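Hi,

Here is the structure I promised to pass on. My notes on it follow below.

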Amino acid sequence: MIPMADVTVRAPAKINVHLEVLGLRPDGYHELAMVMQSIDLSDTLVLRATADATIRLCSDCQELPSDGTNLIVKAADLLRSRVGLPELGAEITLHKRIPIGAGLAGGSSDGAAALVGLDALWGLGLGSERLHGLAAELGSDMPFCLEGGTQLCFGRGERLEPVPAQRVAERAVLLLKHPSASVSTPWAYGRCRELRGDFYLDEEADFEQRRQALRHGPLVAALAQEGPLPPLRNDLQAVVAPEVESVRQGLDLLRRQPGALAVAMSGSGPSLYALYPDLAAAEVVRAALKEPLDELGFASWCCRCGGYGASLVTDGSPP
Ligand code: C5P
């Protein structure tokens with residue numbers, strides 16, 4: 001038998017270009033209206049089939065658990081149980097580059113990449129619709145992480161609609177994350193509910209009105225053109241910024257630089273970004289900010305916006 005080659009999968013991070021909390025759902029999650037964008041800061045998963053019916057994860061990131069609480073292991077367990085093949089095994093190596101607890105969906109993207117990679121490695125041929133269903137069971141951001149690009153995301157975040165004729169993928173971001181800051185997503189949504197719960201919408205008709213306003217509003221129109229974007233909305237930014245000093249400092253710093261199309265926090269934070277027309281513009285600002293970024297202790301990256309989600313780099317065919 002020819003041994004199956006390793007499968008390598010790229011797992012890109014995302015940023016939120018818009019995050020609007022509409023209300024609370026009967027299942028306890030928040031009803032959201034978002035625009036999410038892939039960026040080319042990516043983790044890499046290398047997967048190898050094993051004959052011992054176990055899922056083994058090892059990673060170059062000491063802070064990450066490699067047991068059943070990791071979304072990669074959860075994705076593998078769910079996949080093999082749903083196809084009724086518990087005897088399938090895999091050894092998965094994670095090369096982590098996306099900062100963790102940052103609001104960049106690193107964990108969700110790793111889980112989405114595990115679904116794509118194991119589907120190929122085990123020769124399951126599930127197709128995108130079934131993978132999307134599994135992804136939505138595992139996490140609200142995970143369907144976006146499978147699909148990638150620029151998408152409107154509704155419901156818990158799992159209902160996707162591509163943004164038509166967008167040009168964001170030509171653009172680039174300067175991304176900041178303070179190593180000592182970390183925000184728990186459940187905490188951020190819980191705090192949002194405490195502070196803004198009285199203003200939440202209740203009715204599906206009201207939710208749909210907000211979705212329509214986003215679909216046909218100035219942000220989506222501006223995404224299709226060159227030039228600046230309208231001020232970006234992230235309802236969790238208003239909740240997190242008062243609590244996390246580095247978020248306020250980073251936003252201030254980015255806002256003071258010329259040439260940004262927009263500045264915002266991503267997801268539940270604490271990562272922050274400024275959007276530029278291209279990578280060269282982002283790199284110029286990063287170089288100019290080297291001193292204050294070092295002084296404040298920020299890690300920084302310049303990344304292109306991307307048009308794809310979790311993707312196979314090699315497909316496991318025999319070499
Ligand atoms: O779906 P996921 O496990 O990624 O969500 C993590 C947490 O974030 C949830 O347990 C919930 O507290 C919060 N959340 C929410 N509404 C959403 C998505 C996430 O309240 N639409």
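To start in the middle: which residues does L236 touch, not counting residues up to four places away in sequence? They are L19, V21, A188, Y189, C192, M265, G267 and S268, with contact meaning heavy atoms within 4.5 Å.

Before the rest, bear in mind that this is a predicted model, where local features need pLDDT of at least 70, side-chain atom pairs count only at pLDDT 80 or more, and totals for chains, interfaces and linings use all residues. Residues are numbered from 1 along each chain as its sequence is written, and side-chain values use heavy atoms, with hydrogens and water left out.

L236 is also among the residues that touch the most other members of the largest nonpolar core, together with V21, L174, V247 and L254. That core has 37 residues; a nonpolar core is a set of buried Ala, Val, Leu, Ile, Met, Phe, Trp, Tyr and Cys residues joined through side-chain atoms within 4.5 Å, and buried means under 20% relative accessible area (1.4 Å probe, protein chains only). Helix α9 (residues 245-255) gives the most to this core, four residues. Domain 1 (7-164) and domain 2 (168-306) each supply at least three, the bounds coming from an automatic or database domain assignment. Another core, of 36 residues, lies apart from it and includes L45, I55, W122 and A135.

Then there's α1 (helices being DSSP runs of H or I, at least four residues, numbered from the N terminus). Its buried residues are I72, V73, A75, A76, L78, L79 and R80, and their cover includes β2 (30-50), β4 (89-95) and α3 (127-138). After α1 comes G84, with a positive phi near 70°.

Cheers

Definitions and conventions: Buried means under 20% relative accessible area, exposed over 50%, partly exposed in between (1.4 Å probe, protein chains only). Helices (H or I, at least four residues) and strands (E, at least two) are DSSP runs, numbered from the N terminus.
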